[in-house]
Amino acid sequence: MGVILSAKALTHRFDSRPLFRNLHFGASEGERLGLIGPNGAGKSTLLRILASQFEPMEGEVIFSRGLRVRYLDQVPTFSAEATVQSTLLESASEMEDWEASLKADELLWKLDLNRMGLTRESKIDSLSGGWKKRVAIARELMAEPDLLLMDEPTNHLDIEGILWLENLIRTSKFATITITHDRAFLQAIATRILEIDRRYPDGLLSIEGDYAKFLETKAALLEAQENRETILRGNLRRETEWIKAGAKARTTKQQARIHRHGELAAEVKELSQRNVKRTVQMEFQSAENQPKRLLEAKKISKKYGDSFPLFSSLDVLLTPGKRIGIIGDNGAGKSTLIRVLLGEEDADGGKIFRSDSLKVAYFEQGREKLDPEVSLLRTICPYGDQVIFQGRTVHVRSYLERFLFSQSQLDQNVGSLSGGEQSRALMAKLMLTEANLLVLDEPTNDLDIPTLNFLEECLKEFEGAILMVSHDRYFLDQVSTEILAFPVTPEARKKGELHTFADLSQWTYWHEEEREKMEAVASQTGSAKSAVAPPPSPKLRANDSKEVQNLTKKIDRAEKEMAELEAECSKPEIASDLEKLTKLGIKMKTLQAEIDQLYARWEMLE
């Protein structure tokens, strides 16, 4: 595989704070790189530099000639009044109108964008966050990239969407560099892992293989680095004692030993700084009163208007120590279920018991409880400079240090913080509330992997009950004691039947079976043709006759060029030259694809 991108000595700072320094790495054709690192390490900035949106303060990025690079932002933006069609055509500037129209229709079909009634005329503003993300991905694919850069592409996608994206990446020929905190997704798609972290000698660790291989190699490397610090500290102690003994530097050997002492001290200091483990200190406050039955719903149901029920005859029991993970497509009714259980919305049928001692702490996906114009310090502590945590008074600055916030960040407005930092701020606010029921709606969004690991351990130790919605399969598998899943097939959705599983592996097996059933039914009834219809023909233009004439000329020229290439390949001096033969083969393949498209358009008009 040829190298398509080389980053050399990249350095960047934010204000006076260094993000990364002197990074060196590359990417090859078809390679799938996973880019990870702590919040604030500069991952998104690095990706924007690779996308040529930012200039690095030092260093350079070298691209192979003619490389087509596309960038998928963490929060994609769309033009005002944009439709699906107009959005896709934004990336088709190098295509003719008919070719772009065909390509857009092909993507609508190939990427399953025609599902749920989505058409070319659908307004982007009317779509959910998950479907907007799919359209944004299709927009980048319209440009036929050689390298696709993606920043947290699984945010706002439900599990069905994530499985769809995994398959798209694994089966595509273009290379990818993906920032993601979703460990199951990372394991599924990555062929190499890059981690930005100052703990590494070069600020970057690159490991060939999947995420499991990366974790194994990283653990061994950091252990070796810590052992080296221990050994060098022992050597430094002995050398320091020798100097303190008053040895005179009269000989060359003694002078060299004193010089070596200075080098050794500097190396130990550097290793000590790299080996410092900065970890979030999380601990939810459990309410003292933990009744055996916190909340119980019996035979509850909910529907809107004449639509099918979101859920029907559903039983839910929440007791201390129980952790229920909710899985379902976007729009399936997960948030509605939470609102009904908490009494924020009435059920259509059934009964719900809530303990008089029930105390709820609610983590909202949209971070609505954070005012972007208020400083971080005043968000956590609106008045004074003390907070009450675990029954004792703590200075707010010391409290925020537990969540890895620096002193300089305390006076920043919350809106200026990164997504991961905002999530940590919301966690810090939530942990000041005593609760015996935690309700977490997509708590993993934007959090880095080390923070996720500590959040998982914190939730396992929480004494109350937990009700959580998440698309992060690894997180659900680590934390949940029970999985509550919304239906997959259309028939089951009509009934509103939810299913309960002991763990994620059970859900995965059931989910695969349900998808196979749905595909089999669609195939037998012929509904597959209507559900996944072939691309519709674009509307014919008024000057069809003139276009047919132009197409005929283009086909003649292309076929003549193909004949010349075939003749060239048959020459003895070319047939024996592997490099020239390969180049000709690539050119012929590209030309044949062009001829096929020309004929397809010609046949349509004829």
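Thr87 touches Phe78, Ala82, Ile124, Val135 and Arg139, leaving out residues up to four places away in sequence. Touching, or contact, means heavy atoms within 4.5 Å. Thr87 lies in helix α2, residues 84–89. Helices (H or I, at least four residues) and strands (E, at least two) are DSSP runs, numbered from the N terminus. Thr87 is buried, at a relative accessible area of 0%. Buried means under 20% relative accessible area, exposed means over 50%, and partly exposed lies in between (1.4 Å probe, protein chains only). Thr87 and Lys123 are 36 residues apart along the chain, and their C-alpha atoms are separated by 9.8 Å.

The model is predicted, so local features need pLDDT of at least 70 and side-chain atom pairs count only at pLDDT 80 or more, while totals for chains, interfaces and linings use all residues. Residues are numbered from 1 along each chain as its sequence is written, and side-chain values use heavy atoms, with hydrogens and water left out.

The chain as a whole was examined next. It holds 20 helices and 22 strands. Of its 606 residues, 47% are buried. Among contacts with a separation of 6 or more, 70% join residues 24 or more positions apart. The exposed surface of the chain is about 30700 Å², and carbon and sulfur atoms supply 49% of it. Accessible areas come from the Shrake-Rupley method with a 1.4 Å probe; for residues, only the protein chains shown count as cover.

One helix pair was then considered. Helix α4 spans residues 129–141 and helix α5 spans residues 159–171. The two pack at an angle of about 15°, with their axes 12 Å apart. Axes are lines fitted to C-alpha atoms, for helices over the stretch in contact, and angles run from 0 to 180 degrees between N-to-C directions. The helices α4 and α5 are therefore roughly parallel to each other. Angles under 35 degrees count as roughly parallel, over 145 as roughly antiparallel, 65 to 115 as roughly perpendicular and the rest as oblique. The crossing of α4 and α5 is left-handed. That term applies if the near helix is turned anticlockwise from the far one by less than a right angle; a clockwise turn is right-handed. From α4, the residues Arg134, Ile137 and Leu141 meet Glu160, Gly161, Trp164, Leu165 and Leu168 of α5. The residues of this contact divide into five nonpolar, one polar and two charged. Here Ala, Val, Leu, Ile, Met, Phe, Trp, Tyr, Cys and Pro count as nonpolar, Asp, Glu, Lys and Arg as charged, and the others, Gly among them, as polar. An α-helix has 3.6 residues a turn, so residues three or four places apart point the same way.

Helix α1 covers residues 43–50. Six of its eight residues are buried, so α1 is largely enclosed by the rest of the structure. The buried residues are Lys43, Thr45, Leu46, Leu47, Ile49 and Leu50. Two residues of α1, Thr45 and Ile49, are in contact with His12. His12 is found in strand β1, residues 3–14. At 11% relative accessibility, His12 is buried. Beyond its neighbours within four places in sequence, His12 also contacts Pro18, Leu19, Phe20, Glu55, Pro56 and Met57.

Backbone angles were also examined. Most residues other than glycine have a negative phi, and most peptide bonds are trans. Ser52, which follows α1, has a positive phi near 65°. Ser52 is found in the loop between α1 and β4 (58–63). With a relative accessible area of 53%, Ser52 is exposed. Glu152 also has a positive phi, near 50°. Its place is in the loop between β6 (147–151) and α5. Glu152 is buried, at 7% relative accessibility.

Two further buried sites complete the account. Leu271 is found in helix α8, residues 252–274. Its relative accessible area is 4%, so Leu271 is buried. Apart from residues up to four places away in sequence, Leu271 touches Gln225, Arg228, Glu229 and Leu232. Leu271 and Tyr200 are 71 residues apart in sequence and 9.4 Å apart in space, C-alpha to C-alpha. Asp441 is found in strand β19, residues 437–441. Asp441 is buried, at 7% relative accessibility. Outside its neighbours within four places in sequence, Asp441 contacts Ser335, Tyr362, Phe363, Glu364, Gln365 and Val469. The C-alpha atoms of Asp441 and Leu467, 26 residues apart along the chain, are 8.5 Å apart.
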